[in-house]
Amino acid sequence: EPNSSLTVTGVVRPTLTVLPPSPEELQQGSATLVCLASGGSPSQWKLSWKVGGSSTTTPASHSLEVLGSDGRFSWSSTLNLPADQWKKVDSVTCEASLSGQSSVTQSLDPHSCSV
């Protein structure tokens, strides 16, 4: 019996996970944030970052989307910030957007995960 989810053309909102920088990296003066998006469809969802509530101009690197066995996509975006900027902001938000859809957001509070 064919897997019916592969043929569905509907939109599936991805699940976002934001990973904070490691304490070791912060001691070296940089902060790398990773936003993992999983289970999304179609692959046109765009990941963007907001730092402290406003869109960031810092370029982020995006991975290629990976097609899972369930016909949904996973991908990630990596944002690099100076450690001092990371310590100053009150929140970092990863947003997945697709035209015509309400966006998916996931925020990370730098101060809740500081050592």
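Hi everyone. Let's start with a pair of strands: β8 and β9, the latter covering residues 104–108, run antiparallel to each other and are joined by five bridges. Before I go on, please keep in mind that this is a predicted model.

To see one of those bridges, find C94, whose partner in β9 is Q106. Now follow the chain from one strand to the other. How many residues lie between β8 and β9? There are six, and the two strands make a hairpin. Have a look at G100 in that turn, too: its phi is positive, at about 85°.

Strand β8 has another partner as well. Strand β3, residues 46–51, is antiparallel to β8, with six bridges between the two. One pair to look for here is S48 with E95 in β8.

So is β8 largely enclosed or not? Of its six residues, 92–97, five are buried, so the rest of the structure largely encloses this strand. Here, buried means under 20% relative accessible area.

A general point for anyone new to strands: side chains in a regular strand alternate between the two faces of the sheet.

Now let's step back to the whole chain. It contains nine strands and two helices. In sequence order, the pattern reads β-α-β-β-β-β-β-β-α-β-β. The chain has 115 residues, and 34% of them count as buried. About 6800 Å² of the chain is exposed, with 51% of that coming from carbon and sulfur atoms.

Finally, the contacts. Taking those between residues at least 6 apart in sequence, 62% join residues at least 24 apart.

Thanks for listening!

Key
Residues are numbered from 1 along each chain as its sequence is written. This is a predicted model: local features need pLDDT of at least 70, side-chain atom pairs count only at pLDDT 80 or more; totals for chains, interfaces and linings use all residues. Side-chain values use heavy atoms; hydrogens and water are left out. Buried means under 20% relative accessible area, exposed over 50%, partly exposed in between (1.4 Å probe, protein chains only). Helices (H or I, at least four residues) and strands (E, at least two) are DSSP runs, numbered from the N terminus. Two strands pair if DSSP finds at least two bridges between them. Contact means heavy atoms within 4.5 Å. Accessible areas come from the Shrake-Rupley method with a 1.4 Å probe; for residues, only the protein chains shown count as cover.
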